[in-house]
Amino acid sequence: MSRFADVLNQVWDRLEIPEPSRTRIVLEMASDLEDSYQYYLDQGHDETEAMRLAKEAFGTSEEALRHLTKVHASGIGGMADRVAGQVGHIGAGALMLVLVVFEIWLAAVVLTEEAFRVYVSPFVWPIAGLALLAFAFTIWKMVQIFSRSGRHIGRLRSGLGVLLFCSGASLAVSMCGLFFHLQRFFRLNFEQAPESLFMNFAGWMVSMSSMMTIGLLVAVLAALVWFVLSSAVARAERREMETLLAVGS
Amino acid sequence: MKGMVQEPQGQPVLDIQSLSRTCNETLILATLASGPHHGYQLVLELEQKSDGVFRFKHGTLYPILHKLEKEGLIEGDWLDDGSKRKRKSYRLTTSGRQRLEARRSAWSDFFDRFFNVVGEEGR
């Protein structure tokens, strides 16, 4: 338990910020309080006096906490934190797992179809690249989050935005591909004989729909993985916080 | 624009209505310009460099630091400095350096205009 558990508990109770931001802020404050305490010890004060001086120098006014709340509860970051902080019980975890497995199965069905291989859109390749990037990053991040040795709680969250980037980029590429194929389809029909219309339409539908399917699958999968990993990090941060504050002991 | 000190490009840099906030932010950006600092180091250095005039309680520093981080002007990271504990250290980003330069110029302009009004005696 931290020697400053009383101060940190007070901040914890007064800070109206969604998890996991609240935990991260209190962890930072705990580190700075220890630095302050060490400074006063080095100045020659005894432990009790050093603790008193460190607490006095710390000082969290209601106004400061209100400003802190305003900074963290607003904007896209605040929204992402509120989503990621839904550290749910086993039911939510099971639902996530079912969704991820379903997405992977759906992707496998589309990728193994003959028509997909014949009419594959060129836009599938950048989407595949994004999927690979998201996969490699997920593996690296899972090792970081779930390994016990050498990890630091403050760094687990860094870089999770890559998954959201892959998700958004996949959607963006799919939409670009959709309009590209649409434009190409109408242009071909002006240039070629009408009897080719049905063949063009069928080929276009397969290209476009399989590209959109893959693009949307990668987008949803990357977002799901982000949610799962963010929740895992939030749980780890929460456990660290409970150790510091000795909550429930 | 009333109550604003303008950059040459016309973008407001100093809002007279929130001088205290911009002053605090500029002080922190300027301190970080010399290198990365932990929260506690920032407070100490500000106090020492200003001979005790600029004193922050740690608690009041966090909203400023986190706001600057959210705006992309500084970047925080947990670092291992060789001791048992890891600390969150902040460093200035490229955008932060640009903002600091703009603020320096704006504050210099502000004080020129201030002393135009109150007079140069005792400056």
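Partly exposed residues are those whose relative accessible area falls between the buried range, under 20%, and the exposed range, over 50%. The legends below apply this scale to a predicted model.

**View 1. Salt bridge between R52(A) and E49(A) in helix 3 of chain A.** With a relative accessible area of 25%, E49(A) is partly exposed, because this value lies between the limits of 20% and 50%. R52(A), at 40%, is likewise partly exposed. The closest N and O atoms of the pair are 2.7 Å apart. Both residues belong to helix 3 of chain A and stand three residues apart, about one turn of the helix. Helix 3 (residues 47-58) of chain A has the highest mean pLDDT among the elements of that chain, 89.

**View 2. Confidence along chain A, with helix 5 of chain A as the weakest element by mean pLDDT.** Helix 5 (residues 75-84) of chain A has a mean pLDDT of 59, the lowest among the elements of the chain. Chain A as a whole averages 78, and 80% of its residues score at least 70. Where pLDDT is low, the predicted coordinates should not be read in detail.

**View 3. Surroundings of H66(B) in helix 3 of chain B.** This helix spans residues 58-70 of chain B. The relative accessibility of H66(B) is 5%, so the residue counts as buried, the limit being under 20%. Its side chain makes a polar contact with the side chain of Y90(B), at 3.4 Å. Apart from neighbours within four places in sequence, the residues in contact with H66(B) are I25(A), E28(A), L68(A), V71(A) and H72(A) from chain A, together with Y90(B).

**View 4. Salt bridge between E45(B) and K49(B) in helix 2 of chain B.** The N to O distance between the two side chains is 3.3 Å. Because E45(B) and K49(B) are four residues apart in helix 2 (residues 39-49) of chain B, about one helical turn separates them. K49(B) is exposed, with a relative accessible area of 60%.

**View 5. Salt bridge between E101(B) and R104(B) in helix 4 of chain B.** The side chains of E101(B) and R104(B) meet at 2.7 Å, N to O. Both residues lie in helix 4 (residues 94-118) of chain B, three residues apart, about one turn of the helix. E101(B) is partly exposed at 45% relative accessible area, and R104(B) is partly exposed at 41%. Elsewhere, E25(B), K67(B), E71(B) and R103(B) are joined into one network by salt bridges that share partners. Over all chains, the structure holds 14 salt bridges.

**View 6. Two cysteines, C176(A) and C23(B), in a model with zero disulfides over all chains.** C176(A) has a relative accessible area of 49% and is partly exposed. C23(B) is also partly exposed, with a relative accessible area of 22%. The disulfide count requires a pair of cysteine sulfur atoms within 2.5 Å, and by this rule the count is zero over all chains.

**View 7. Elements and surface of chain B.** Chain B has four helices and five strands, which follow the pattern β-β-α-β-α-α-β-β-α along the sequence. Of its 123 residues, 41% count as buried. Among contacts in chain B between residues at least 6 apart in sequence, 45% join residues at least 24 apart. The accessible surface of chain B comes to about 7000 Å², and carbon and sulfur atoms account for 51% of this area.

How values were computed
Residues are numbered from 1 along each chain as its sequence is written. Chains are lettered from A and ligands numbered from 1 in the order in which they are written. Side-chain values use heavy atoms; hydrogens and water are left out. pLDDT is the predictor's confidence in each residue, from 0 to 100. Helices (H or I, at least four residues) and strands (E, at least two) are DSSP runs, numbered from the N terminus. Buried means under 20% relative accessible area, exposed over 50%, partly exposed in between (1.4 Å probe, protein chains only). A polar contact is a pair of N or O atoms within 3.5 Å; within protein, one must be able to donate a hydrogen and the other to accept it, and residues adjacent in sequence count only if both atoms are side-chain atoms. Contact means heavy atoms within 4.5 Å. A salt bridge is a side-chain nitrogen of Lys or Arg within 4 Å of a carboxyl oxygen of Asp or Glu. Accessible areas come from the Shrake-Rupley method with a 1.4 Å probe; for residues, only the protein chains shown count as cover.
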